Amino acid sequence: MATMPKIIGATLAEHRTRTRTALFDALSALMRERGFDAISLADIAGRAGIGRTAVYNHFPDKETLLLAFIEHETEQYLAGLEEALAHVSEPVEKLRVYVRQQLALAPDYHFAPGPDLKQVISRGGLSRLRGHVAQVENLLRGILREAIAAGDLPEQNLDSVVPLVHSCLSGRPTPSEEPERSAYLDSTEAFVLRAVGARQPAIV
């Protein structure tokens, strides 16, 4: 007689949430160690402490798991960023907050080593990924539009500027140790602000 899978949590809903969280945490940890193409669903299940067959009750394959993880991370990031921006009124200060929040994501949100994800997931998966990227880009686009309208930034082609800013912010991991971390945050923030034409305070 087949044994019932162990329930994690007081209810099935809690079990589902905890299982998904464990799988997301395992995938995130593994992707910091090696490329997505070198990770199997069995690796993820093993790292999460969940039976491999039980994983299929939640995700049919590792690409579906990856996309669900990115969707979850995007939602969490946007919620945190919107909360951080809630009490900021100055457009350029909003841009500063955005830059700092993006830099703080590494390495959990910016994926590395191994082939680019565009090379290892399906065309449908790429379309979903672009949708998640667009959510974040639209937030930055809105901040820049507001700053331009306020006269804090010059007119510019946001279709070109937004991807350039994101490339700058995700180009390398943020150092974890001081004083390198603070120096990197300060210099990257100043670089982005100069790049979009924000007025810089005079250095005395």
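The expected span of a helix is 1.5 Å times one less than its number of residues, a definition that the second exercise uses. The structure treated here is a predicted model.

**Exercise 1. Overall make-up and confidence**

Task: State which elements the protein contains, and where the prediction has pLDDT under 50.

Solution: Begin with the elements, of which there are 8 helices and 0 strands, so that the order from the N terminus reads α-α-α-α-α-α-α-α. Next consider burial and contacts: buried residues make up 40% of the 204 residues, and among contacts between residues at least 6 apart in sequence, 65% join residues at least 24 apart. Finally turn to confidence, where the mean pLDDT is 84 and 87% of the residues reach 70 or more. Over residues 1-5, however, pLDDT stays under 50, and the model has 0 contacts beyond four places in sequence for them.

**Exercise 2. The span and packing of helix H6**

Task: Compare the end-to-end reach of H6 with its expected span, and determine which helices its buried residues pack against.

Solution: H6 has 27 residues, for which 39 Å is expected at 1.5 Å a residue, and the distance from its first C-alpha to its last is 37 Å, close to that expected value. For the packing, list the buried positions, among them Leu129, His132, Val136, Leu140, Ile143, Leu144 and Ala147. An α-helix has 3.6 residues a turn, so residues three or four places apart point the same way. The buried residues of H6 pack against H4, H5 and H7. After the helix comes Gly151, whose phi is positive, near 85°.

**Exercise 3. The nonpolar cores and His166**

Task: Identify which residues touch the most other members of the largest nonpolar core, and decide whether His166 is buried or exposed.

Solution: The largest nonpolar core has 30 residues, and within it Leu95, Tyr98 and Leu144 touch the most other members. Two or more residues are given to this core by each of H4, H5, H6, H7 and H8, with H5 giving the most, 7 residues. Tyr98 shows how such contacts are made up, since beyond four places in sequence this residue touches Tyr77, Leu81, Val136, Leu140, Ile143, His166 and Leu169. Apart from the largest core lies another, of 25 residues, including Leu23, Ala48, Ile70 and Ile121.

Now follow the contact from Tyr98 to His166, a residue placed in helix H7 (residues 158-169). His166 counts as buried because its relative accessibility is 12%, which falls under the 20% cut-off. Beyond four places in sequence, its contacts are Tyr98, Gln102, Val136, Glu137 and Leu140, and of these Val136, Glu137 and Leu140 are buried residues of H6.

**Exercise 4. Salt bridges across the chain**

Task: From the salt bridges in the structure, examine Glu189 with Arg100 and Glu71 with Arg128, and say which helices each pair links.

Solution: A search of the whole structure gives 11 salt bridges. In the pair Glu189 and Arg100, the N to O distance is 2.8 Å, and the two residues, 89 apart in sequence, link helix H8 (residues 180-195) to helix H5 (residues 91-105). Glu189 is buried because its relative accessible area is 12%, whereas Arg100, at 30%, is partly exposed. Both residues also belong to a network of salt bridges that links Glu93, Arg96, Arg100, Asp186 and Glu189.

In the pair Glu71 and Arg128, the N to O distance is 3.7 Å, and the residues, 57 apart in sequence, link helix H4 (residues 62-85) to helix H6 (residues 123-149). Here Glu71 is partly exposed at 32%, and Arg128 is likewise partly exposed at 38%.

**Exercise 5. A cis peptide bond and an annotated span**

Task: Locate the cis peptide bond at Pro179, and describe the span that UniProt lists as "DNA-binding region".

Solution: The bond from Glu178 to Pro179 is cis, with omega near 5°, and Pro179 is found in the loop between H7 and H8. For context, most peptide bonds are trans. As for the annotation, an unreviewed UniProt entry lists residues 40-59 under the name "DNA-binding region". In the model this span is 60% helix and 0% strand, and its end C-alpha atoms lie 13 Å apart.

Methods:
Residues numbered from 1 in each chain as written. Predicted model: local features only at pLDDT ≥ 70, side-chain atom pairs only at ≥ 80, totals over all residues. Heavy atoms only, no water. Helix = DSSP H or I, 4+ residues; strand = E, 2+ residues; numbered from the N terminus. Buried < 20%, exposed > 50% of the residue type's maximum accessible area, 1.4 Å probe, protein only. Contact = heavy atoms within 4.5 Å. UniProt positions renumbered as here; feature names shortened; annotations may be inferred. Salt bridge = Lys/Arg side-chain N within 4 Å of Asp/Glu carboxyl O. Core = buried A, V, L, I, M, F, W, Y, C linked by side-chain atoms within 4.5 Å. pLDDT = per-residue confidence, 0-100.
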